[in-house]
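Colleague: I am new to this structure and would like to understand the words you use for it. Could you take me through them, please?

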Amino acid sequence: MAPAATASPFERIAQMGHENVVYCHDPETGLRAIIAIHNTVLGPSLGGLRFWHYAHEAEALEDVLRLSRGMTFKSSLAGIHLGGGKAVILGDASQLKTEALLRRFGKFVDNLGGKYYTAEDVNISVRDIETIRQETRYVAGLPEELGGSGDPSPVTAYGVYLGIRACLKYQTGSESPAGKRVVVQGVGKVGSYLVEHLVKDGAQVFVHDIHPEAVAAVVNAHGVTPIAEADVVAFDCDVYAPCALGGGLSPHTIPKLKCGIVCGGANNQLLEEQRDGEALKARGILYGPDFLVNAGGVINVYTELEGYNQKRALRKAEQIYDTCLKVLHEATDTDTTTHAAALQLALRRIDSIAGIQKFL
Ligand code: NAD
């Protein structure tokens, strides 16, 4: 099989197992977009729309294939009835983004008849989603005043907090963060809500963010301790919670870690899933898989499709605790990484439902 870098689009789509990949082109508005539907066994595919200036078309295809596949596993593990999808618009958003282009994109989404729901992602705002909604009802993540679910961060942070509790339970026998030293890297939307939960539980929280005002806000609100960027990775702590950008767990950082647990909200924390998952395991560091513990965001949006209610979203997110414990046990029992065990669990759910559907 040809490797990712040299595979043709058809080969790559086959390798990744997508159901449908749609190229959208509209010369009048300059729209060039790709919608990738990875899997709809559990329900319609849902995933954000990203507007990005890719260097090559192949890079855009790779991004949308990888992200949509990730959504399949995230929604499966979250126990919600959604499949995985994602869309990208190619080009410089600051130059290309117009009402006409977004509405044209909406028509392409509508043509898929509900197989794909779009939502906000990088360079796409809630206002843009409102524009796309003029052409299709298959959108999610609308503001609360339009009956939508609004900011997903509180529910995401709650799920991450429960993931930390599950990891503590597994490692120490007690799920309580009281007295534990926790480093939160990145105190934006998710990180700051997470700090609030941890402080309430009596944890000793240390924070870092590249924006001093974000640090000042949580220090003032919760009395937590700021630490320098150079100290974050090697900080002696019980839990390290990456809540900034992905790719932070790599051969460069893993040997330096002085924590018992890594569990945070950032997406794609392992720079290379298998290699870096194995490296954490070899060091005896318990890793709460990111796509499991940060699923509160997609759970929140899913709840919107049923008529939004934050209490219900938070209740659904509570399942993250049990699923996380299950994954940690399975990883030990099967001598695999927690990341691989989470993927296996997600796949088993999809396979079991696909097994039912073949009788329909
Ligand atoms: P955000 O932009 O509100 O917060 C990110 C924070 O990280 C910012 O304050 C930023 O200054 C800081 N930051 C960036 N680089 C940093 C670095 N090197 N060191 C320290 N701080 C750094 O974003 P968010 O919505 O809180 O999302 C945080 C992470 O969680 C992202 O990886 C996102 O993809 C993921 N995530 C978010 C949600 C959600 O509901 N918002 C859901 C799932 C996953």
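Colleague: What makes the pair formed by Val190 and the ligand a polar contact?

Modeller: A polar contact is a pair of N or O atoms within 3.5 Å; within protein, one must be able to donate a hydrogen and the other to accept it, and residues adjacent in sequence count only if both atoms are side-chain atoms. A backbone N or O atom of Val190 lies 2.8 Å from an oxygen atom of the ligand, so the pair meets that cut-off. Please keep in mind that this is a predicted model, where local features need pLDDT of at least 70, side-chain atom pairs count only at pLDDT 80 or more, and totals for chains, interfaces and linings use all residues. Residues are numbered from 1 along each chain as its sequence is written, and side-chain values use heavy atoms, with hydrogens and water left out.

Colleague: Which polar side-chain atom lies 3.0 Å from an oxygen atom of the ligand?

Modeller: That atom belongs to Asn267. Taken alone, the ligand exposes 830 Å², and the protein buries 75% of that (accessible areas come from the Shrake-Rupley method with a 1.4 Å probe; for residues, only the protein chains shown count as cover).

Colleague: How many residues surround the ligand?

Modeller: There are 19, and the closest are Thr156, Val190, Asp209, His211 and Ala244. Being near a molecule or strand means having a heavy atom within 4 Å of it.

Colleague: Why is Asn39 called buried?

Modeller: Its relative accessible area is 14%, and buried means under 20%, exposed over 50%, partly exposed in between (1.4 Å probe, protein chains only). Asn39 therefore falls in the buried class. Asn39 has its place in strand E2; strands (E, at least two residues) and helices (H or I, at least four) are DSSP runs, numbered from the N terminus.

Colleague: What makes E2 as a whole largely enclosed?

Modeller: Eight of the nine residues of strand E2 (residues 31-39) are buried, so the rest of the structure largely encloses this strand.

Colleague: How do you know that E2 pairs with strand E1?

Modeller: Two strands pair if DSSP finds at least two bridges between them. Seven bridges join E1 (residues 20-26) to E2, so the condition is met; the two run antiparallel. Tyr23 stands opposite Ile34 in E2.

Colleague: And what joins E2 to strand E4?

Modeller: Six bridges do, and these strands run antiparallel. Here Ile35 stands opposite Ala87 in E4.
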